[in-house]
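Open the model in your viewer and keep the sequence panel visible. The stops below are meant to be selected one after another.

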Amino acid sequence: DIYGATASALALDNVQASDAGIYTCVVTNNAGATTSDAATLTVNIPPVVSQQPTPRSVVAGATVTFAADATGTGPFAYQWRKDGVNIAGANGASLTLSSVTAAKAGAYSVAITNAGGTTISSAATLTVGTDSRLVNLSTRANAGTGDATLILGFYISGTGSKTLIIRGIGPTLANFISTPVVDDPSIVVYSGQTQIATSNDWDPSLANDFSVVGAFALNPGSKDAALKLDLGPGLYTVHMLNPAAVAEGLIEIYDRSLDAGTKLTNLSCRLKIVQGQTVIVGTYLLGLGSNVIARNVGPGLSPYVLDTERPFLLPDPMLRYYDGTDTLFGSNDDWDSSLAADFSAVGAFPIATGSKDAAAKLNLAPGRYSFHASGNTTGGVILVELYQAP
């Protein structure tokens, strides 16, 4: 019984979700009582946006996703809008824009509708930068312990924080090569001498992140290592730990956030190779074309190592460059001294004129590239580097 509801009509003011239900009326006179048929009251709550779209600032060529969520009475219908104008076919709870250009910049909002009405989210601004950047860095080489530890160094420039996907691949690498691979790698990330993150076996929840950044999928349940990490500007290193026999491993870094505030500008890898061995470093250039400096330094390391280490430097490095189709498009044996000013411009240490080191400045279109570092005759210690250049 509803207290005080004794009239032939029942009026409910300011109806709320708690008023929903089945209503009947019992009519009584001297002869007895009769109950009416049941009347169902459904209360439709208009949408309330519980997750607003988030503003994004990315480089041209990136993929961007806006998402929104609402509370209220379902089901909901969605209509995304750019600068207040409906986007044809954009009717999901999220909106994904692929290979964005400057024309895609604007304010994105979504109208969410249900039986109770329509609510429009706040507008999220998409800013599209027109610069270019290295969005992937990788090194594939032999990995072991001690001096044979595979180490990749990288530098983040700019301001703010960048989200990275960092992977240490061993078992899944066997899908692509026939040589022995690291069976159970782990990776450790350092800022200077400080350990800031580590991973042994990868978390399956990262699979979607791999897909977003364009990384190949890892074998389910494999012993590969991976992590997702937010880092500010500065110099970092990734160490692949392999307690077993020396075998090939792959360290990869992907720019997950593709934010306009920070970018990856340098890769370096110092290791010892044997005669006939090749170290492969790779990158993906997004946005506009850019100059990239690639170096394979052996003799040029002499001023920076101990006297006891100098005899082990690779005496005559070689560098070869391949495009996204794995087609060789150039090489360098002995570097050109005219590059000295370019080294200084990107912060690379100088190399003595006339040395047998290999280096090149390449103007590259957007896309994937790899650089193969090796020795002409013998093995030895090398430093392989990539720099994004002016």
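Select leucine 10 to begin. This is a predicted model, and leucine 10 sits in the segment before strand E1 (21-23). Is leucine 10 buried or exposed, or partly so? Its relative accessible area is 44%, and because buried means under 20% and exposed over 50%, leucine 10 counts as partly exposed. Now add Ile2, Leu12 and Val15 to the selection: together with Leu10 they make a nonpolar surface patch of about 310 Å².

Next, select strand E12, residues 106-114. Seven of the nine residues in E12 are buried, so the strand is mostly covered by the under 20% cut-off. Which strands pair with E12? Show these three in turn.

- Strand E9 (residues 77-82) pairs with E12 in the antiparallel sense over six bridges. To see one of them, pick arginine 81, whose bridge partner in E12 is serine 109.
- Strand E14 (residues 124-129) is also antiparallel to E12, with three bridges. Here glycine 106 has leucine 126 in E14 as its bridge partner.
- Strand E13 (residues 117-120) runs antiparallel to E12 and is joined to it by four bridges. Alanine 111 is matched with isoleucine 120 of E13. E12 and E13 form a hairpin, with two residues between them.

Now turn to the charged side chains. How many salt bridges does the structure hold? There are 14, and three of them are visited here.

Select aspartate 259 and lysine 162. Their side chains meet in a salt bridge at 2.8 Å, N to O. Aspartate 259 is in the loop between strand E22 (247-255) and strand E23 (262-273), while lysine 162 is in strand E17 (residues 162-169), so the pair links distant parts of the chain, 97 residues apart. Both aspartate 259 and lysine 162 are buried. Add Asp255 to the selection: Lys162, Asp255 and Asp259 are linked in a network of salt bridges.

Move to lysine 223 and aspartate 201, whose side chains form a salt bridge of 3.4 Å, N to O. Lysine 223 lies in the loop between helix H1 (207-213) and strand E20 (225-231), and aspartate 201 in the loop between strand E19 (194-199) and H1. Lysine 223 is partly exposed at 39% relative accessible area, and aspartate 201 is partly exposed at 37%.

Finish with lysine 361 and aspartate 342, where the closest N and O atoms of the salt bridge are 2.8 Å apart. Lysine 361 belongs to strand E28 (residues 358-364), and aspartate 342 to helix H2 (residues 340-346). Lysine 361 is partly exposed at 33%, whereas aspartate 342, at 18%, counts as buried.

Note on methods:
Residues numbered from 1 in each chain as written. Predicted model: local features only at pLDDT ≥ 70, side-chain atom pairs only at ≥ 80, totals over all residues. Heavy atoms only, no water. Patch = residues over 30% accessible without salt bridge, like charges linked within 9 Å, V, L, I, M, F, W, Y side chains within 5 Å. Areas by Shrake-Rupley, 256 points an atom, 1.4 Å probe, with all protein chains shown as cover. Salt bridge = Lys/Arg side-chain N within 4 Å of Asp/Glu carboxyl O. Buried < 20%, exposed > 50% of the residue type's maximum accessible area, 1.4 Å probe, protein only. Pairing = 2+ DSSP bridges.
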